[in-house]
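I opened the file and kept short notes as I went. The entries follow the order of my look-ups.

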Amino acid sequence: MSLATPTLRSPVLALLANVLSRPREPLLAALIVMLILLVGVRAPAFLTLRSMDNLLTDSALLIMLALTQMLVIVTRGIDLSVASNLALSGMMAALLAMHFPQLPLSVIVAAALGIGLVLGLLNGWLIGYLSLPPIVVTLGSMSVYRGLVFVLSGGAWVSSRNMSAEFVAFPLTRLAGLTHVVWLAALAVVAFWCLARYTRFGRDLYAIGNDPVAAGYVGIATPRRLLWTYALSGAMAGLCGYLWVARYAVAYTEIAYGFELTVIAACVIGGVSIAGGVGNISGAVLGALFLAVINNALPMVQISPFWQSALTGIVILSAVIINARGEKKRAKQILPLHFQPRAAAVAGSTS
Amino acid sequence: MSSTVFPAAGSFFAPPSASPPAAAATTAAAMTSSAREVLPVLELAGIGKRFQGVVALNDVGFAVRPGEVMALLGENGAGKSTLVKILTGIYQPDDGIITLAGKPVSFATPQAAMQAGVTAVHQETVMFDELTVAENICMGRQPLCGFPPRIDWRRMEAEAEQLFARLEVSLPVRARVKDLSVAQRHFVEIARALSQQAQVVIMDEPTAALSQREIRELYRIIGQLRAAGTAVIFISHKFDEIFAVADRYTVLRDGRFIAAGALADISEPELVALMVGRDVGQVFPQHEQVPGEVVLQVENFCHPSEFHEVSFSLRRGEIIGFYGLVGAGRSELMQALFGLTPAAHGIVRLDGKRIRVSSPAEAIAHGIAYVPEDRQHQGVLLSLPIFQNITLPILSTIGLMLCGRRRRRQELAIARRFSEQLELKASHFRQQVAQLSGGNQQKVVLAKWLATNPRVIILDEPTKGIDIGSKAAVHRFISELVAQGLAVILVSSELPEVLGMADRVVVMHQGTVQCVFNRDQATPELLVAAASGSLPPSTMNGAVPCH
């Protein structure tokens with residue numbers, strides 16, 4: 001990488017790209033384990049079961065949101081409104097719990113989910129049926145939803161005093177040793193893995209992301225698929241809205257501010273291509289876990305939190321570079337193929 | 001030579017199993033006759049299509065019967081692709097009736113056409129690159145199993161394997177399509193067509209990028225389709241292929257039906273005459289410039305996948321025409337000359353001095369200008385006013401020191417000079433280019449490049465999609481340029497334009513220079529034959545070596 005070895009650079013990079021580009025997931029998994037062990041050497045407390053349990057609980061919401069964000073990105077879209085949607089659904093769930101304390105928890109959770117779903121449907125309708133660019137639509141709805149949080153709450157906090165004990169306790173209650181949020185995340189991972197791999201809905205999203213025109217040719221109803229993709233993303237944000245508010249036992253206007261970027265970062269690190277058509281569930285999950293490990297581990301080895309975001313950025317950039325090297329642009333094939341070896345030989349000798 | 005219908009509107013229909021076309025040659029019947037042995041599976045009558053007033057197809061009709069291979073022939077722009085798009089449900093016809101298996105049908109969507117059994121293998125394959133071969137074949141119709149229903153990957157892959165076994169092609173069904181060769185992609189498309197029980201398979205120049213062995217493989221598969229009673233519409237510019245696989249032909253020209261018949265009854269020159277079949281009726285401005293010294297000399301220009309060993313020279317005051325089929329590599333060659341394709345290499349001399357052009361900026365500095373084919377995307381900035389478009393490439397020469405009003409005045413003066421020369425019709429120079437007509441937009445593009453004061457100007461399809469009046473203005477303008485001593489490279493797919501304007505014509509085919517004709521030697525028939533690669537360069541009379 002120094003000036004002295006310029007000839008080494010491209011083969012090394014090519015080799016790196018070769019090794020790194022194809023099965024991303026095992027590599028990322030290895031990287032996470034390595035990182036955990038490295039940190040464990042410096043701070044043995046990090047390797048305890050309790051710490052791992054914390055790590056999982058902390059990453060659960062990020063994983064859940066990365067799942068649906070991944071589906072959205074696979075269709076060549078993006079959902080910037082997830083964090084605002086989460087805040088709005090969470091705030092409404094908290095307000096419901098405050099004003100109607102007699103409401104059973106299941107109704108409140110369903111309400112949060114439903115609100116998120118409706119907000120997501122709105123995005124999906126604008127993107128799918130009016131063919132508006134996803135980045136613009138969700139940028140707009142991001143502000144609208146965040147604004148509505150202010151309007152509904154009047155800028156005031158809803159604190160744990162205003163919530164029932166049941167409301168607050170649910171996310172961190174343990175079932176067979178793990179917290180509810182972890183179980184929910186695990187359930188979501190399995191469900192979305194099946195959705196992405198074994199349903200026509202899931203496969204159609206890949207088709208749309210690969211080639212929207214060709215998807216139309218094979219009869220995929222793109223608008224309807226997009227509508228429900230963003231709806232899923234919204235519903236997931238709604239559910240996470242309740243979980244977030246209940247877990248931190250407070251609802252305020254700035255909940256999850258900027259969290260949409262963390263979610264997107266998790267997807268990108270997990271090998272989901274922003275250009276669409278590429279990405280899978282395991283990648284999104286590992287990307288989210290990776291970010292959670294960085295965020296949880298670095299403070300334990302006394303690395304300044306300022307470094308965390310820089311480190312995250314470096315990881316994202318490396319992921320993107322690896323992606324770009326993996327997909328070399330093809331030239332048009334005009335010459336008959338028997339010209340190829342000869343032409344290539346000439347090219348090789350002159351360059 | 002007007003639209004003489006060649007052999008007496010002869011049209012016959014081979015029985016489904018009869019692969020040698022000669023067997024069918026005994027029953028000659030008119031197109032409209034009902035005396036047929038086997039009913040056609042697909043019949044078109046009176047198909048018309050217009051795009052914003054421009055007639056793309058007018059009263060086109062033909063029929064194909066099961067187990068028959070029909071060659072659809074025509075020059076660039078004859079309306080073949082429009083017809084294919086109508087048949088596959090991408091466009092809706094404005095007039096006419098499509099009859100499939102005796103029933104009138106209309107395909108509102110591509111999917112409707114596919115479900116009805118009409119599928120196409122496109123020249124540029126339409127596929128999902130990141131997905132596997134099996135999934136590409138089954139996309140949208142994946143087999144489901146169990147409850148809740150889930151995609152049965154095993155069955156999908158087994159079905160794909162069966163299809164390839166039927167085609168006798170070995171392809172890994174789990175491979176990603178992006179890792180396949182062009183030929184393999186064609187096989188995937190054919191397998192997809194087969195999996196849908198296609199009654200009619202349209203192949204749009206399927207051999208364009210295949211090797212000889214792969215082409216033979218394709219012929220074999222076409223034979224299988226024919227044996228299975230599938231009708232094949234085969235579009236190709238290569239006459240040897242047409243005579244090798246097809247039973248009948250239908251010729252289109254300028255969006256009209258010209259002739260149809262059995263290939264056994266027609267020879268290659270007769271087919272070419274049918275395809276070309278028109279006088280070069282337009283009047284082109286004569287330029288009696290005696291070409292001067294060589295300005296641009298290109299030797300052994302190569303690209304790994306786009307063109308190979310291209311050599312030619314261009315003199316002062318000369319127009320050199322580049323003719324070829326769409327996708328022959330002409331635009332790619334010109335882009336490389338202009339420094340847009342770094343992978344290209346070879347010797348380029350300007351005024352005898354070897355130059356290296358590795359970016360458009362360098363090309364402009366050497367006095368080479370390139371007017372691209374895709375006007376809207378590559379040629380102009382639609383949202384900027386006219387005068388800013390014209391002065392864009394020469395901003396730095398206007399003088400950065402000048403600012404404000406003086407600079408603007410100078411820009412406007414330059415814009416005015418070239419606009420008057422080109423008879424640009426606009427209300428004022430601050431008008432946005434987007435508001436101009438296609439012809440006037442093209443004039444803006446020309447003005448812009450002229451402002452760079454080039455020595456060599458490359459025009460890539462300069463009159464594509466503009467009206468007759470603007471065309472004449474552009475032609476007149478080109479000859480004025482030449483009179484001023486510029487050297488012009490004119491890339492055009494329009495025969496009359498090439499024949500009428502160029503001093504010499506270079507014909508390209510599959511990325512190589514096929515032959516070079518002088519103006520008095522070039523005939524439409526020779527050019528078409530050379531462009532389709534059916535004339536070996538060595539046997540050509542009047543062909544000049546490539547230097």
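**Chain A, make-up.** I counted secondary structure in chain A first and got 15 helices and four strands. The model is a predicted one, so I checked confidence next. Mean pLDDT for chain A is 84. I also noted that 85% of its residues reach 70 or more.

**Chain A, low-confidence stretches.** I looked for runs where pLDDT stays under 50. Residues 1–9 of chain A are one such run. There the model has one contact beyond four places in sequence. Residues 340–351 of chain A are another. For that stretch I found 10 contacts beyond four places in sequence.

**Chain A, packing.** Chain A has 351 residues, and buried ones make up 44% of them. I then took the contacts in chain A between residues at least 6 apart in sequence. Of these, 78% join residues at least 24 apart.

**Nonpolar core.** I asked which residues touch the most other members of the largest nonpolar core. They are A:Ala66, B:Ile458, B:Val488 and B:Ile489, in a core of 264 residues. Helix α11 of chain A, residues 222–248, gives the largest share of this core, with 15 residues. I followed B:Val488 further, leaving aside neighbours within four places in sequence. Its contacts are B:Ile319, B:Ile457, B:Leu459, B:Ile478, B:Leu481 and B:Val482.

**Chain B, domains.** I listed three domains for chain B. Domain 1 runs over 38–117 and 199–278, domain 2 over 126–196, and domain 3 over 294–539. The C-alpha centres of domain 1 and domain 3 of chain B lie 34 Å apart. Their contact takes 14 residues from domain 1 of chain B and 12 residues from domain 3 of chain B.

I then broke down the domain 1 side of this contact. Two elements of chain B give two or more residues to it: α7 (239–245) and α8 (268–276). The largest share, six residues, comes from α8(B). By class, I logged seven nonpolar, three polar and four charged residues on that side.

**Helix α15 of chain B.** This helix covers residues 438–450, 13 in number. From first C-alpha to last, α15(B) reaches 18 Å, close to the 18 Å expected at 1.5 Å a residue. How many of the residues of α15(B) are buried? I got 12 of the 13, so the helix is largely enclosed by the rest of the structure. Among the buried ones are B:Lys443, B:Lys448 and B:Trp449. B:Asn440, B:Gln441 and B:Gln442 are also on the buried list.

Key: Residues numbered from 1 in each chain as written. Chains lettered and ligands numbered in written order. Predicted model: local features only at pLDDT ≥ 70, side-chain atom pairs only at ≥ 80, totals over all residues. Domains from an automatic or database assignment. Contact = placed C-beta atoms within 7 Å. Nonpolar A, V, L, I, M, F, W, Y, C, P; charged D, E, K, R; others polar. Core = buried A, V, L, I, M, F, W, Y, C linked by C-beta atoms within 7 Å. Buried ≥ 20, exposed ≤ 12 C-beta atoms within 10 Å, placed from the backbone. pLDDT = per-residue confidence, 0-100. Expected span 1.5 Å × (residues − 1).
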